[in-house]
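Q: I've got a structure open in front of me and I'd like to learn how to read it. Can we go through it together?

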Amino acid sequence: MGRTDGTAPAAGDEARAEFHTFFERHYAELARLARMLTGEADAADDLAADAMVALWHRWDRVRAADRPDAYARGVVANLARSRVRSAVRERRRIALVSSRRSERVDDPDVSAVVDVQEALRALPFRKRACVVLRHAFDLSERETALALGISVGTVKSQTSKGMAELQRRLGSADAPELVAEGGR
């Protein structure tokens with residue numbers, strides 16, 4: 001990639017070109033991962049964009065990594081974890097305020113149908129992340145462990161427990177297929 005003045009491209013130009021290629025190749029996947037981890041379609045693009053900004057700021061380190069895509073998934077998982085934790089804290093504050101009201105419903109109307117996204121949102125974050133990366137993104141146990149910064153044994157355990165919980169919630173032994181289809 002030469003310049004119009006005939007000089008060689010600067011190192012910064014090469015880094016920008018590599019990052020642009022990485023962005024084009026992985027942005028949609030990272031947004032999908034963010035959506036599945038948070039259960040929020042509206043937040044997915046924001047989280048993927050925030051991850052890309054973080055990756056660009058550390059691009060020298062990212063491009064030197066053995067698996068830049070795994071590094072990127074880890075960034076998205078960490079951002080999603082922070083968002084989920086913030087949402088949980090916010091719901092607790094709202095529940096605290098609303099519990100002080102005298103209008104309480106003793107027997108709420110519970111829907112008979114539980115979709116995959118709701119079932120995934122009900123899982124604790126680490127189980128959800130393991131299930132999503134293993135079944136919706138078809139990553140190996142090792143790749144999942146690398147993306148989440150946990151051991152392969154933890155991935156195995158959390159995936160197994162998460163799938164068992166999804167099967168109970170969904171009433172189906174086809175939970176892996178439902179997860180893979182539910183994220184698209």
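A: Sure, let's start with a term: a residue is buried under 20% relative accessible area, exposed over 50%, and partly exposed in between (1.4 Å probe, protein chains only). Keep in mind that this is a predicted model, where local features need pLDDT of at least 70, side-chain atom pairs count only at pLDDT 80 or more, and totals for chains, interfaces and linings use all residues. Residues are numbered from 1 along each chain as its sequence is written, and side-chain values use heavy atoms, with hydrogens and water left out.

Q: So which class does Arg-67 count as, and at what relative accessibility?

A: Arg-67 has 28% relative accessibility, so it counts as partly exposed.

Q: What is a salt bridge, and how many are there in the whole structure?

A: Side chains of opposite charge can pair when their charged atoms come close. The cut-off is a side-chain nitrogen of Lys or Arg within 4 Å of a carboxyl oxygen of Asp or Glu. Searching the whole structure turns up 11 salt bridges.

Q: Which residue forms a salt bridge with Arg-67?

A: That's Glu-143, with the closest N and O atoms 3.1 Å apart. This pair links distant parts of the chain, 76 residues apart: Glu-143 is in helix α7 (residues 141-148), and Arg-67 is in the loop between α3 and α4. Helices here are DSSP runs (H or I, at least four residues), numbered from the N terminus.

Q: What about Arg-63 and Glu-14, how far apart are their closest N and O atoms?

A: They are 3.8 Å apart, and the two residues form a salt bridge. Arg-63 lies in helix α3 (residues 59-64) and Glu-14 in helix α1 (residues 11-38), so the pair ties together parts 49 residues apart in sequence. Arg-63 counts as partly exposed at 31% relative accessibility, and Glu-14 does too, at 44%.

Q: Where do Glu-165 and Arg-169 lie?

A: An α-helix has 3.6 residues a turn, so residues three or four places apart point the same way. Glu-165 and Arg-169 both sit in helix α8 (residues 152-170), four residues apart, about one turn. Their side chains meet in a salt bridge (3.4 Å, N to O). Glu-165 counts as buried at 14% relative accessibility, while Arg-169 is partly exposed at 40%.

Q: How many residues of α6 are buried?

A: Nine of its 12 residues are buried, so call α6 mostly covered. Among them are Phe-125, Cys-130 and Leu-133. Just after α6, Asp-138 takes a positive phi of about 55 degrees.

Methods. Helices (H or I, at least four residues) and strands (E, at least two) are DSSP runs, numbered from the N terminus.
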